[in-house]
Amino acid sequence: MQIEQVAGALGAEISGIDLGQVLGGNAVSALRSALLDHGVLFFHDQNFDTEAHKRLARQFGDIFVHPFFLEGADPEVVTIYRKPGDTQIVGSDWHQDTAMMPEPPMGAILYAKKVPPFGGDTLFANQHLAYERLSGGMKTMLEGLRAINSDRLVAGPGSTRNAGRTTKSRDDSEWQETISLHPVVRTHPETGRKALFVNHSYTVGLEDMSATESKPLLDFLMDWGHRPEFTCRFRWRNGSVALWDNRCTKHIAVNDAQSGERIMRRIQIAGDKPV
Ligand code: SIN
């Protein structure tokens, strides 16, 4: 297995491994360790079906069942379609996945089944670096602060995201908002490094603060978190894979494929309560 760093902030391309095969303990340990070092791992020229995808995900933990992308027959798998003519896509704001859950996923494995001739890249941002580059004064101010995370912006009747996109989140009358308070700065459970944990899709306020007070601070932190020097960009090919650590990275899907079609299969890995 070869590991090649793709940017200064995060991201490494891994070659010399077939993710569709049953991986030995050494390979899984090497991937886990690379994930902690680089935040997101990229692979090309992979070819595996849904069962192999699940087997791969289970090497990293239990499979996380997404609460509001439930259209497919298999609750453990989300297929993300972008069809020609779509004006909206899934994941087009900077986010950590499913951050409104009490225990957000630790990561995800996204497999490219069909990519457009151009566009449709995914960007990732290192939230350890984003935290570490803040001033001492800002770090002190953020200590003990908790963010209110909700899915009301991306699902349910208040979300406008479903108009214009093929893959839709739940917006039926039975849908209920999920809210969780998480620390604005979380500590990675495996490395002990601190990371910013707020994002545009889910973070709607700060605990014990009015919207007038919290909005400017959140706007700053959320935009700061994806300054170019904290990011890397992945150009997909058919058969490419990205495996990311959702505890310390954010990502965004770029909606620029114009008339192109894009089909991705995603499986998420269960995580723990941010502390
Ligand atoms: C996501 O936000 O998980 C989807 C990312 C992508 O489609 O590139």
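**Exercise 1. How many nonpolar, polar and charged residues does the shell around the ligand have?**

Before we start: this is a predicted model, where local features need pLDDT of at least 70 and side-chain atom pairs count only at pLDDT 80 or more, while totals for chains, interfaces and linings use all residues. Residues are numbered from 1 along each chain as its sequence is written, and side-chain values use heavy atoms, with hydrogens and water left out.

Step 1. List the residues around the ligand, meaning those with a heavy atom within 4 Å of it. They are Ile80, Gly91, His95, Asp97, Leu110, Thr122, Trp244, His251, Ala253, Arg262 and Arg266.

Step 2. Sort them: Ala, Val, Leu, Ile, Met, Phe, Trp, Tyr, Cys and Pro count as nonpolar, Asp, Glu, Lys and Arg as charged, and the others, Gly among them, as polar.

Step 3. Read off the result: four nonpolar, four polar and three charged residues.

**Exercise 2. Find the side chains with an N or O atom at 2.9 Å, 2.6 Å and 2.8 Å from a ligand oxygen**.

Step 1. Look for polar contacts, here pairs of N or O atoms within 3.5 Å.

Step 2. The side chain of His95 places an N or O atom 2.9 Å from an oxygen of the ligand. For Thr122 the distance to a ligand oxygen is 2.6 Å, and for Arg262 it is 2.8 Å.

Step 3. Now check the cover. Alone, the ligand exposes 260 Å², and the protein buries 99% of that (Shrake-Rupley method, 1.4 Å probe).

**Exercise 3. Describe the largest cavity and what takes its space**.

Step 1. Use the search rule: on a 1 Å grid over the protein atoms alone, a cavity is a set of points where a 1.4 Å probe fits but cannot get out, and lining residues have an atom within 4 Å of a point.

Step 2. The structure holds five cavities of 30 Å³ or more. The largest cavity has a volume of about 300 Å³, and its space is the one taken by the ligand.

Step 3. Its lining has 26 residues, with Val90, Gly91, His95, Asp97 and Arg266 nearest the centre. Strand S16 gives the most to this lining, four residues (strands are DSSP runs of E, at least two residues, numbered from the N terminus).

**Exercise 4. Which strand gives the most to the lining of the second largest cavity?**

Step 1. This cavity has a volume of about 70 Å³. Its lining includes Ile80, Tyr81, Arg82 and Arg262.

Step 2. Strand S5 (residues 78–82) gives the most, with three residues.

Technical notes:
Near = heavy atom within 4 Å. Polar contact = N/O pair within 3.5 Å; in protein donor to acceptor, adjacent residues only side chain to side chain. 1 Å grid on protein atoms, 1.4 Å probe; cavity = no way out; pocket = protein on both sides within 12 Å on 5 of 7 lines; lining within 4 Å. Sits in = over half its atoms within 2 Å of the grid points. Points joined across faces, edges and corners; volume = space filled by probe spheres on them.
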